[in-house]
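Dear colleague,

I am passing on to you the structure that I have been looking through, and below it I have set out what I found. Please read the notes with the structure open beside them.

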Amino acid sequence: MTSTASPARRTARAGWNVLGLLVVATAGFPVYWMLDTAIKPAKDAIDPDPSLLPTGFTLDNFRRAFDIADFWGPVGRSLIVSLSVVLIGVVVGMLAALAISRFAFRGRKIVIVGILAVQMVPLVAMIIPVFLLLNDLHQYDKLTGLIITYLTFILPFTVWTLRGFIVNIPRELEEAAMVDGCSRTGAFVRVVFPLLAPGMVATSVYGFIQAWNEYLYALMLLSQENQTATVWLGNFTTKHGTEYAPMMAGATMMAVPIVVLFLLVQRKMAAGLTAGAVKG
């Protein structure tokens with residue numbers, strides 16, 4: 001027996017659909033404008049009366065983006081920094097989250113409060129202390145110093161997020177594995193770790209995006225010879241003005257690794273988050 005939705009419910013559903021389309025259009029318009037500016041002639045990019053529809057197609061902006069400064073050097077450095085931050089952050093964050101969620105120790109609540117407090121500190125407020133500290137450690141203008149700096153604000157989020165995933169994994173699964181002969185480490189590797197994989201993927205994507213897109217610290221802590229991809233975009237602003245079309249072409253190329261990463265992991269994230277640990 002089928003039931004027909006009431007007119008009020010259909011109207012409400014249509015309203016939510018329209019609202020959803022507006023949100024998507026608002027969020028997607030900057031991306032569309034970036035792509036449109038990247039492929040249009042440079043003179044059209046500075047037109048005081050721009051058109052919302054594409055007015056032409058050219059790849060000269062991408063050629064100009066490659067020619068204006070070294071492209072692969074900054075991109076390679078950004079990849080090194082981002083991947084290092086992800087690997088170190090996930091490993092250390094997973095161990096810290098496991099300790100906080102599974103073991104009782106003195107000062108545990110203080111550690112949790114400290115993790116939350118660190119995330120509340122504005123990043124701009126730490127520039128001078130970070131600069132002085134890295135200078136004393138001889139890590140100024142080095143990628144290792146930038147990696148350490150990024151870990152200071154990405155690691156707390158990683159610990160807090162993974163802690164939420166671990167808390168939601170029943171302890172009974174580990175206890176059952178230990179009853180069957182597994183050690184505590186074996187129970188974690190065989191039982192908890194597979195269930196924790198979606199959380200690790202989600203936090204890894206977040207950490208990669210944060211490290212890849214960060215601009216302020218990369219600008220302050222690295223010289224022009226060691227600049228990352230975000231700072232490289234500043235080369236399009238010269239004494240003669242800003243070359244908006246090549247800049248948007250460079251921004252488009254910078255967005256490619258993020259898009260590729262998301263396309264590679266989105267299915268695994270969805271499948272892992274919806275998989276149940278216990279069938280009942």
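Five aromatic residues, Phe66, Phe71, Trp72, Trp232 and Phe236, are joined into a cluster by ring pairs. Please keep in mind throughout that this is a predicted model, and that the values below were computed from it.

By the rule used for ring pairs, the protein has 13 aromatic pairs. Within the pair of phenylalanine 66 and tryptophan 72, the ring centres lie 6.1 Å apart and the planes meet at 35 degrees, so this pair is tilted; planes under 30 degrees apart would count as stacked, and those over 60 as edge-to-face. As for their surroundings, phenylalanine 66 is partly exposed, with a relative accessible area of 34%, whereas tryptophan 72 reaches 61% and counts as exposed, because the limit for that class is over 50%.

Another tilted pair is made by phenylalanine 157 and tyrosine 206, whose centres are 3.9 Å apart and whose planes stand at 35 degrees to each other. This pair links distant parts of the chain, since phenylalanine 157 belongs to helix H7 (residues 143-167) and tyrosine 206 to helix H9 (residues 184-213), with their positions 49 residues apart in the sequence. Phenylalanine 157 is partly exposed at 24% relative accessibility, and tyrosine 206 is likewise partly exposed, at 30%.

Turning to the protein as a whole, there are twelve helices and two strands, and, read from the N terminus, the elements run α-α-α-α-α-α-α-α-α-α-α-β-β-α. The radius of gyration is 24 Å, well over the 19 Å that the globule rule gives for 280 residues, so the protein is more spread out than a compact globule. Its C-alpha atoms fill a box of roughly 75 × 70 × 30 Å, taken along the principal axes.

Of the 280 residues, 34% are buried, and the protein exposes about 17,100 Å², of which carbon and sulfur atoms supply 68%. When contacts between residues at least 6 apart in sequence are considered, 71% of them join residues at least 24 apart. Finally, the protein carries 21 positive and 16 negative charges, and the mean positions of these two groups are 14 Å apart.

With best wishes

How values were computed: Residues are numbered from 1 along each chain as its sequence is written. This is a predicted model: local features need pLDDT of at least 70, side-chain atom pairs count only at pLDDT 80 or more; totals for chains, interfaces and linings use all residues. Side-chain values use heavy atoms; hydrogens and water are left out. Helices (H or I, at least four residues) and strands (E, at least two) are DSSP runs, numbered from the N terminus. The radius of gyration is taken over C-alpha atoms; the globule rule is 2.2 Å times the number of residues to the power 0.38. Buried means under 20% relative accessible area, exposed over 50%, partly exposed in between (1.4 Å probe, protein chains only). Contact means heavy atoms within 4.5 Å. Accessible areas come from the Shrake-Rupley method with a 1.4 Å probe; for residues, only the protein chains shown count as cover. Lys and Arg count as positive and Asp and Glu as negative; His and the chain ends are not counted. The place of a charge is taken as NZ of Lys, CZ of Arg, CG of Asp or CD of Glu. Rings of Phe, Tyr and Trp (its six-membered ring) pair if their centres lie within 6.5 Å; planes under 30 degrees apart count as stacked, over 60 as edge-to-face and the rest as tilted.
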